[in-house]
Amino acid sequence: MSILGQTIDYGPFGFLDAFDPSYTPNTTDLPGRRYCFANQPDIGLWNIAQFSKTLAVAQLINQKEANYAMERYGDKFMDEYQAIMSKKLGLSKYNKEVISKLLNN
């Protein structure tokens, strides 16, 4: 993940050939599947937490600002996820039930 919040993927790591939330192309990640598709939002938050911690140790931000960054990530992630999923499915607004059923299938 870059400092801009964008994931940098190369080759086979940038694509999901078939929808499988537990899929990871990284063979070293197979035992715990820490970086699997379904865990990407949590890994993004972990990255933000580590970066915030580094900035706090360097006294560039305080703990309140670090907490805000992590809270904002979660809010922004969900806003974007809902907008993208709604647009992909042609929905005028986010429908959690429909999207959940689709992903379960």
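This section describes side-chain interactions, a surface patch and selected residue environments in a predicted model.

Two salt bridges were identified in the structure. Side chains of opposite charge can pair when their charged atoms come close. One of these pairs joins glutamate 80 to lysine 76, with a separation of 3.2 Å between the closest N and O atoms. Both residues belong to helix 2, which spans residues 63-89. Glutamate 80 and lysine 76 are four residues apart, a spacing of about one turn of the helix. Glutamate 80 has a relative accessibility of 38% and is therefore classed as partly exposed. Lysine 76 is likewise assigned to the partly exposed class, since its relative accessible area is 40%.

A salt bridge is also formed by the side chains of glutamate 97 and lysine 101, for which the N to O distance is 3.2 Å. These two residues are located in helix 3 (residues 96-104), and because glutamate 97 and lysine 101 are four positions apart there, about one helical turn separates them. With a relative accessible area of 54%, glutamate 97 is exposed; the cut-off for that class is over 50%.

Aromatic contacts were examined next. A pair of aromatic rings is described by the distance of the centres and the angle of the planes. Four aromatic pairs are present in the structure. Among them is the pair of phenylalanine 77 and tyrosine 81, whose ring centres are 6.3 Å apart and whose planes enclose an angle of 10°. This geometry is classed as stacked, because planes under 30 degrees apart fall in that category. Phenylalanine 77 and tyrosine 81 are both in helix 2, and their offset of four residues corresponds to about one helical turn. The relative accessible area of phenylalanine 77 is 30%, so this residue counts as partly exposed. Tyrosine 81 is also partly exposed, at 26% relative accessibility. Phe77 and Tyr81 are members of a cluster, linked by ring pairs, that further includes Tyr73 and Tyr94.

An arrangement of a charged residue over an aromatic ring involves arginine 34 and tryptophan 46. Arginine 34 is placed over the face of tryptophan 46, and the distance to the ring centre is 4.5 Å.

At the surface, Ile3, Leu4 and Phe51 make up a nonpolar patch with an area of about 370 Å². Phenylalanine 51 is situated in helix 1, comprising residues 40-57. The relative accessibility of phenylalanine 51 is 38%, and this residue is accordingly partly exposed. Patch membership requires over 30% relative accessible area.

Serine 52 is likewise found in helix 1. In contrast to the partly exposed phenylalanine 51, serine 52 is buried, with a relative accessible area of 4%. When residues up to four places away in sequence are not counted, serine 52 is in contact with Ile61, Ala66 and Ala69.

A buried position also occurs in the segment before helix 1, where threonine 24 is located. Threonine 24 has 6% relative accessibility and is buried, because the limit for this class is under 20%. The contacts of threonine 24, with residues up to four places away in sequence left out, are Asp29, Leu30, Arg33, Tyr35 and Cys36.

Note on methods: Residues numbered from 1 in each chain as written. Predicted model: local features only at pLDDT ≥ 70, side-chain atom pairs only at ≥ 80, totals over all residues. Heavy atoms only, no water. Salt bridge = Lys/Arg side-chain N within 4 Å of Asp/Glu carboxyl O. Buried < 20%, exposed > 50% of the residue type's maximum accessible area, 1.4 Å probe, protein only. Phe/Tyr/Trp six-rings, centres within 6.5 Å; stacked < 30°, edge-to-face > 60°. Lys NZ or Arg CZ within 6 Å of the ring centre and 35° of its normal. Patch = residues over 30% accessible without salt bridge, like charges linked within 9 Å, V, L, I, M, F, W, Y side chains within 5 Å. Areas by Shrake-Rupley, 256 points an atom, 1.4 Å probe, with all protein chains shown as cover. Contact = heavy atoms within 4.5 Å.
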